[in-house]
Amino acid sequence: MPRTVDVASAGFATTVEALRLRSWELGPGQPTLVIDQFSAEDFSLVVDDRADVHIGSKDGSFYLGWYPAGRPGTEGEGWRLTVSGTAKVPGYHISFGTETPAEIVAATVAKVLATSRPL
């Protein structure tokens, strides 16, 4: 059975209000929001000849690297956080791109640091 379609009303129609458009934090932001979370008492900080920043816990179980131009050998990795495991529990790592907002990285780092405790 043939159907008739009203071409005047065919397709997708909506409004900006119905889409609930959002604005998102974009761009790398200020890396000091991340780096300033580390104390010299508990962490070592090194800036290498490429201006990459390396932060490590004194016991070597935590590492955070910031690579403003991208980590060598990767596709745009800007941040790398690594927590070493134990003999019974594996560690983990988290990576963020060079354009990930520093606020997002800072929140993640704060959460990871909050899970640590002295032995």
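## Burial and overall layout

Of the 119 residues in this chain, 25% are buried. Keep in mind that you're looking at a predicted model. The chain has three helices and five strands, and reading from the N terminus they come in the order α-α-β-β-β-β-β-α.

How much of the contact map is long-range? Take the contacts between residues at least 6 apart in sequence: 32% of them join residues at least 24 apart.

## The nonpolar core

The largest nonpolar core is built from 18 residues. If you want to find it on screen, start with the residues that have the most contacts inside it: Val-34, Phe-38, Ile-55, Phe-62, Leu-64, Leu-81 and Val-109. Two or more residues each come from helix H2 (32-35), strand E2 (53-57), strand E3 (62-66), strand E4 (77-83) and helix H3 (102-114). H3 is the top contributor, giving six residues to this core.

Val-109 is a handy one to click on. Setting aside neighbours within four places in sequence, Val-109 is in contact with Val-34, Gln-37, Phe-38, Leu-64 and Leu-81. Among those partners, Val-34, Phe-38, Leu-64 and Leu-81 are also on the list of residues with the most contacts inside the core.

## Glu-77, a buried charge

Is Glu-77 in strand E4 buried or exposed? Its relative accessibility is 10%, and the cut-off for buried is under 20%, so Glu-77 counts as buried. The side chain has a polar partner, though: a polar contact of 2.7 Å links it to the side chain of Arg-71.

Arg-71 has company around Glu-77. Not counting residues up to four places away in sequence, Glu-77 touches Tyr-67, Gly-70, Arg-71, Ser-95, Phe-96, Gly-97 and Thr-98. Some of these sit in strand E5 (92-97), including Ser-95, Phe-96 and Gly-97.

## The largest pocket

Now for the open space. The largest pocket has a volume of about 770 Å³, and 22 residues line it. Nearest its centre you'll find Asp-59, Ser-61, Ser-116, Arg-117 and Leu-119.

What is the lining of the largest pocket made of, in terms of nonpolar, polar and charged residues? The split is ten nonpolar, eight polar and four charged.

## Loops worth a look

Two non-glycine residues turn up with a positive phi. Arg-20, in the loop between helix H1 (16-19) and H2, has a phi of about 50 degrees. With a relative accessible area of 69%, Arg-20 is exposed, since the cut-off for exposed is over 50%. Ala-51 belongs to the loop between strand E1 (43-47) and E2, and its phi is near 75 degrees. At 41% relative accessibility, Ala-51 counts as partly exposed.

Then there's Gly-85, in the loop between E4 and strand E5. Gly-85 is partly exposed, with a relative accessible area of 41%. Outside its neighbours within four places in sequence, Gly-85 is in contact with Pro-90 and Gly-91. How far is the C-alpha atom of Gly-85 from that of Phe-62? The two C-alpha atoms are separated by 9.8 Å, with the residues 23 apart along the chain. Phe-62, you may recall, is one of the residues with the most contacts inside the largest nonpolar core.

Terms used:
Residues numbered from 1 in each chain as written. Predicted model: local features only at pLDDT ≥ 70, side-chain atom pairs only at ≥ 80, totals over all residues. Heavy atoms only, no water. Core = buried A, V, L, I, M, F, W, Y, C linked by side-chain atoms within 4.5 Å. Buried < 20%, exposed > 50% of the residue type's maximum accessible area, 1.4 Å probe, protein only. Helix = DSSP H or I, 4+ residues; strand = E, 2+ residues; numbered from the N terminus. Contact = heavy atoms within 4.5 Å. 1 Å grid on protein atoms, 1.4 Å probe; cavity = no way out; pocket = protein on both sides within 12 Å on 5 of 7 lines; lining within 4 Å. Points joined across faces, edges and corners; volume = space filled by probe spheres on them. Nonpolar A, V, L, I, M, F, W, Y, C, P; charged D, E, K, R; others polar. Polar contact = N/O pair within 3.5 Å; in protein donor to acceptor, adjacent residues only side chain to side chain.
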